[in-house]
Amino acid sequence: MTQPLLELRGVAKQYPLGSELRALLPGGRRQQTALAPADMVVAEGAALGLVGESGSGKTTLARIAAGLSTPSRGEVYWRGQSIESLDQEARARWRRELQYVFQNAASALNPRHRVRLILSSTLSGLWRGSQQGRNRTARQQRIDEVSEQVGLGRALLDRYPHQLSGGQAQRVAIARALLGAPKLLILDEPVSALDLSLQAQILNLLGELRRELGLAYLFISHDLAVVERLCDEVQVMHEGRIIEQGETAQILSSPRESYTERLLEAVPRLISKFEY
């Protein structure tokens, strides 16, 4: 049986509460649970949606999956190996193969640098110590290749982040994530700040990249309509717990939980007007 790319086993997250808050809680509870023990598997080439309202715990889970936050308990595995046990070489490979695309693309880009320099700096870090990393021509060729894949014209590479539209900034963020030829992208609300037509464009792009590059996605969203267009499977989060999971079509057509039903009712399914 093929090992999954990413696996989370019983990961949980608690945060300590200050003394003033603790005094107000029954029994003087000292910690707040942001994430109850959760399991997750993302296979190579799969697209898994993680859905819930703001504060449901989905970003906490995503950050733990990406190694950006340490779980209070549980283990994160990459290609069957705990990330805590990775040696230097394996850790560098993991960092290349798993990339995180943040919600607000513009704020994640250095405002003092042009797009080309932002991409070049990222690639230098990913290729550090390699022959490619020392080859300026190779770096520029890779930047041009990825820019073409995400639909960034060369003129945009010479702009600063504040000169980009929301859709352009998101394409830059996706391009930066692709530079190291990743296997898995964790996409945290990547279209929530965009209008409906731009959402459709970015989702089309992500669908094309998945098919062409064999990418796997962990797609974080509050919007089941968006997840429906991109993800084969979905997990629904509520108050720090995964309350429902399964094939996306099945969950959307016959949700078992009343919370999932409310999510469906709250989101206009207008995006279905666009063809993917």
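Helices, for the purposes of this tour, are DSSP runs of H or I with at least four residues, numbered from the N terminus. The model on display is predicted.

**Stop 1: helix 3 and its salt bridges**

Begin by selecting arginine 93 and glutamate 97. Both residues belong to helix 3, and they are 4 residues apart, about one turn of the helix. In an α-helix there are 3.6 residues a turn, so residues three or four places apart point the same way. The side chains of arginine 93 and glutamate 97 form a salt bridge, at 3.1 Å from N to O. Side chains of opposite charge can pair when their charged atoms come close. Is arginine 93 buried, partly exposed or exposed? With a relative accessibility of 40%, arginine 93 counts as partly exposed.

Keep glutamate 97 selected and add arginine 79. A salt bridge joins these two residues as well, and its closest N and O atoms are 3.0 Å apart. Glutamate 97 lies in helix 3 (residues 88–97), while arginine 79 sits in the loop between strand 4 (73–78) and strand 5 (81–82), so this pair ties together parts that are 18 residues apart in sequence. Glutamate 97 counts as buried because its relative accessibility is 9%, under the 20% limit. Arginine 79, at 28% relative accessibility, counts as partly exposed. With Arg79, Arg93 and Glu97 displayed together, a network of salt bridges linking the three can be followed.

**Stop 2: the backbone at arginine 79 and glutamate 239**

Remain at arginine 79 and turn to its backbone. Most residues other than glycine have a negative phi. Arginine 79 is not a glycine, yet its phi is positive, at about 50 degrees.

Next, select glutamate 239, in the loop between strand 9 (233–238) and strand 10 (241–247). This residue is likewise not a glycine, and its phi is a positive value near 50 degrees. Glutamate 239 counts as exposed, with a relative accessibility of 63%.

**Stop 3: a salt bridge between two helices**

Select arginine 116 and aspartate 144. They form a salt bridge whose closest N and O atoms are 3.5 Å apart. Which elements does this pair tie together? Arginine 116 lies in helix 4 (residues 115–126) and aspartate 144 in helix 5 (residues 136–149), so the salt bridge connects parts that are 28 residues apart in sequence. Arginine 116 has a relative accessibility of 22% and counts as partly exposed. Aspartate 144 also counts as partly exposed, at 22% relative accessibility. In total, the structure holds 8 salt bridges.

**Stop 4: the open sheet**

Colour strands 2, 1, 4 and 5. These 4 strands form an open sheet in the order 2-1-4-5, with antiparallel pairing. Strand 2 (31–42) and strand 5 are at the edges, each with a single partner strand, so one side of each has no neighbour in the sheet.

Inspect the pairing of strand 1 with strand 4. These strands run antiparallel and are joined by 5 bridges. To locate one residue pair, select glutamate 7, whose bridge partner in strand 4 is tyrosine 77.

Now add helix 2 (residues 58–65) to the view. Helix 2 lies across strand 1, strand 2 and strand 4, and runs at about 120 degrees to strand 1.

**Stop 5: leucine 17**

Move to leucine 17, found in the loop between strand 1 (6–16) and helix 1 (19–24). Leucine 17 counts as buried, at 15% relative accessibility. Add glutamine 31 to the selection: the two residues are 14 residues apart in sequence, and their C-alpha atoms are 5.4 Å apart in space.

**Stop 6: helix 7**

Finally, select helix 7 (residues 196–213). Its 18 residues reach 26 Å from the first C-alpha to the last, close to the 26 Å expected at 1.5 Å a residue. Which residues of helix 7 are buried? They are Gln199, Ala200, Ile202, Leu203, Leu205, Leu206, Gly207, Leu209 and Arg210.

To see what covers these buried residues, display the surrounding elements, which include strand 3 (47–51), helix 5, helix 6 (166–178), strand 7 (184–188), strand 8 (216–221) and helix 8 (224–230). The tour ends at glycine 214, just after helix 7, where phi is positive at about 70 degrees.

Methods: Residues numbered from 1 in each chain as written. Predicted model: local features only at pLDDT ≥ 70, side-chain atom pairs only at ≥ 80, totals over all residues. Heavy atoms only, no water. Buried < 20%, exposed > 50% of the residue type's maximum accessible area, 1.4 Å probe, protein only. Salt bridge = Lys/Arg side-chain N within 4 Å of Asp/Glu carboxyl O. Pairing = 2+ DSSP bridges. Contact = heavy atoms within 4.5 Å. Axes fitted to C-alpha atoms, helices over the stretch in contact; angles between N-to-C directions. Expected span 1.5 Å × (residues − 1).
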